[in-house]
Amino acid sequence: MSQAQATQSAAAPPEHQLSIAETLRVLDVAREMRDQREQAEVMFRRDEMRIALREKLMRTARLSGDHVTEEEIEAAIDQYLQTQHTYHDPEPGLKSFLAHCWVWRKRLIWPLAGVASAAGLIYLFV
């Protein structure tokens, strides 16, 4: 390639030069297209997972001798997927209380140390 051709290819015509704003818009469009493609892939994987789960449940039902229809399995899968990512408060009790104490341990240490030292002083002077 001659020097004149290299100079011409290095200096692109003005209609092909993009401003910073235009470049950012093009990058945003590319990012949005990638995100949509990833969402579509997740949806396809979800369908594949659902089919595999249905087949596995049907095999398990046949092996265990349960007479389950495909509609019942579909209903069970629907119910499972609807409640898969829902939050339920833990049952109140000692375990829950100890978990809360562990989470709040840095805030509880100074009041508990004060109560313990006051109890120790009272014990010494009484």
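Two people talk through a predicted model of a protein chain.

Colleague: How many helices and strands are in the chain?

Modeller: In this predicted model, the chain has five helices and zero strands, and reading along the sequence gives the pattern α-α-α-α-α.

Colleague: And what share of the residues is buried?

Modeller: Of the 126 residues in the chain, 6% are buried, while the chain as a whole exposes about 11,900 Å², with carbon and sulfur atoms supplying 63% of that area.

Colleague: Let's switch to S96; where does it lie, and is it buried or exposed?

Modeller: S96 lies in helix α4, which covers residues 94-103, and S96 counts as buried because its relative accessible area is 16%, where buried means under 20%.

Colleague: Which residues is S96 in contact with, leaving aside neighbours within four places in sequence?

Modeller: With those neighbours left aside, S96 is in contact with P90 and E91.

Colleague: Moving on to the surface, which residues make the nonpolar patch?

Modeller: The nonpolar surface patch is made by W102, V103, W104, L108 and L112, and its area is about 570 Å²; the elements that give two or more residues to this patch are α4 and α5, the latter spanning 105-125.

Colleague: Take L112 from that list: which helix is it found in, and does it count as buried or exposed?

Modeller: L112 is found in helix α5, and L112 counts as exposed because its relative accessibility is 55%, where exposed means over 50%.

Technical notes
Residues numbered from 1 in each chain as written. Predicted model: local features only at pLDDT ≥ 70, side-chain atom pairs only at ≥ 80, totals over all residues. Heavy atoms only, no water. Helix = DSSP H or I, 4+ residues; strand = E, 2+ residues; numbered from the N terminus. Buried < 20%, exposed > 50% of the residue type's maximum accessible area, 1.4 Å probe, protein only. Areas by Shrake-Rupley, 256 points an atom, 1.4 Å probe, with all protein chains shown as cover. Contact = heavy atoms within 4.5 Å. Patch = residues over 30% accessible without salt bridge, like charges linked within 9 Å, V, L, I, M, F, W, Y side chains within 5 Å. Salt bridge = Lys/Arg side-chain N within 4 Å of Asp/Glu carboxyl O.
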